[in-house]
Amino acid sequence: MANRPMLEIVSLEKRFGPNTILKKIDLKVTEGELVFVIGPSGSGKSTMLRCCNRLEEPTSGDIIVDGRNIMAGTRRDLDRMRLQIGMVFQGFHLYPHMSVLKNVTLAQRKALKRSKTEADARAMDMLEQVGMAHKADAYPGELSGGQQQRVAIARSLALDPKVMLFDEPTSALDPELVGSVLKVMKDLKSKGMTMVVVSHEMGFARETADRVIFMDGGVVVEQGTPDEIFGAPKAERTRAFLSRVSG
Amino acid sequence: MTAMERFLETFFNPTVMAKYTPDIIAGIWVTLTIAAAVIVAGIAAGLALACLRSYGIRVLNFFIICYADIFRALPPLVVILILYFGFPSIGIQLSGPMVLFIVLAATLAAFAEEIFWAGFSSVEKGQWEAGIATGLGFTRTLAYVALPQAVRLAIPPLVNRVLAITKMTALGSAIGVSEILSSATTAQSFSGSATPLTMSVVAYLVIFLPMVVIARWLESRTAWKKR
């Protein structure tokens, strides 16, 4: 089922007062696909991502995750569906008052209602996967940014999401710590996770992305394989953006 | 009689001390009981109000803010006198200790609400988003993510406020609640000596100095573990 759509964004529109941030965006992400979103700041890429789990409320449009529309249904349905949509933030947002292990078990216990044994075991598996199992008892404040971000990824993964959203996951990191996070994301991709990544790590996009999307002014200007976008961009705006970021 | 002897006779008269010690001790118990009840009820109510306020229901928040502002503005003594002397005329008869408890707890609740609310406001928006994005929903994010952080931020100012309000149990002397100060002034007028007042000073120190020390200790352990 390689072409099963995991995440569909259907004519998504977002307005803040008189400003239209997203103008009828359509995007289909299939199972196991890694879609990489680039664009200048203010292009709406983060807003689009945040609309995918309704952290930002869309003005209109539909968000369909594995066949279910998250715009329909009650608040509780939404919370249940959010469990299937992992999100990784630029600022990590680990809970500072909880150990790493507790950070990863909280939503498993309280939202998925897993037992402590089950949640702990699952957490340790996920921490192992991101190379952070040895820090299970540490507190977020004791970790480097890269380590915190990997724990944040484990926190999302522990809920068995169907799709993972990454909102500039390495932008707040010191350059030498970026690699560890990208490696975890690459592993995740090779395990077949469906991923949407908003980021400026072009090298990572070239190497790992199935598809690159260029957004500007609230619309998808151009999309294609990394080779197409980085090698031979068709739109003038794409070319201008790419020369700015690589220059 | 030297000046020193007169001083000791006035403030540290052993006969007076012996005679009125039981009264002062009884006063200590009254003060402690009312203070404990005020602290528990005031903090619980304040926290509940701050939690309710975080839901952002406009009408409700209007009333919460009005309540907090009014009770922070009013001198508790005024409210105490109205409840104790005024309310019986409209058929509501409350005992002295009950009036003292209600007014002080309500005052503490108003301050505590503002303090906890300040705590909630300084919890990063990203913390809420992390909780909500992991399917916890608003209420569970409030309970497990925001609340513990808000409480931690609130402890130092809260402890100061708790000390300030519990000391106001002395206002009970205005409506005949036999707490420490009231017992001491009664003893003073019967004995004609200032010694009972000295005893009340000692009694207050015995109660509140440990609380100040506990406050310091609490404040010192509110910092997050840092690298």
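Good morning. I shall begin with a single residue, Ile21(A), which is partly exposed, with a relative accessible area of 22%. The cut-off for calling a residue buried is under 20%, so Ile21(A), at 22%, is classed as partly exposed. Please bear in mind throughout that this is a predicted model.

Where does Ile21(A) lie in chain A? Ile21(A) belongs to strand β2 of chain A, which covers residues 19-30. Leaving aside residues up to four places away in sequence, Ile21(A) touches Lys14(A), Arg15(A) and Phe16(A), then Ser43(A), Gly44(A) and Thr47(A), and also Gly218(A). As for Gly42(A), 21 residues separate it from Ile21(A) in sequence, and the C-alpha to C-alpha separation of the two is 8.1 Å.

Let me turn to the nonpolar cores. The largest of them has 46 residues, and those with the most contacts inside it are Ile38(A), Leu127(A) and Ile153(A). Which element gives the most to this core? That is helix α6 of chain A, residues 175-190, with 6 residues. There is also a second, separate core, made up of 40 residues, including Leu7(A), Met48(A), Met81(A) and Val196(A).

Leu127(A), from the largest core, deserves a closer look. With residues up to four places away in sequence not counted, Leu127(A) is in contact with Val100(A), Leu101(A) and Val104(A), with Met132(A), Ala133(A) and Ala136(A), and with Val151(A) and Ala154(A).

I come now to the interface of chain B and chain A. The size of an interface is often given as the accessible area lost when the parts come together. Here the two chains bury about 2,100 Å² between them, and 62% of that area is on carbon and sulfur atoms. Chain A brings 27 residues to the contact, and chain B brings 22 residues.

How many salt bridges are found across this interface? The rule finds 1 salt bridge between chain B and chain A. Its partners are Glu129(B) and Arg50(A), whose closest N and O atoms are 2.6 Å apart. Polar contact between the two chains amounts to 5 residue pairs, with both residues at pLDDT 80 or more.

On the side of chain B that touches chain A, at least two residues come from each of α6 (125-133) and α7 (137-167) of chain B. The element that gives the most to this side is α6(B), with 8 residues. By class, the side of chain B that touches chain A consists of 8 nonpolar, 7 polar and 7 charged residues.

Thank you for your attention.

Conventions. Residues numbered from 1 in each chain as written. Chains lettered and ligands numbered in written order. Predicted model: local features only at pLDDT ≥ 70, side-chain atom pairs only at ≥ 80, totals over all residues. Heavy atoms only, no water. Core = buried A, V, L, I, M, F, W, Y, C linked by side-chain atoms within 4.5 Å. Buried < 20%, exposed > 50% of the residue type's maximum accessible area, 1.4 Å probe, protein only. Helix = DSSP H or I, 4+ residues; strand = E, 2+ residues; numbered from the N terminus. Contact = heavy atoms within 4.5 Å. Buried area = accessible area lost by both parts, 1.4 Å probe. Salt bridge = Lys/Arg side-chain N within 4 Å of Asp/Glu carboxyl O. Polar contact = N/O pair within 3.5 Å; in protein donor to acceptor, adjacent residues only side chain to side chain. Nonpolar A, V, L, I, M, F, W, Y, C, P; charged D, E, K, R; others polar.
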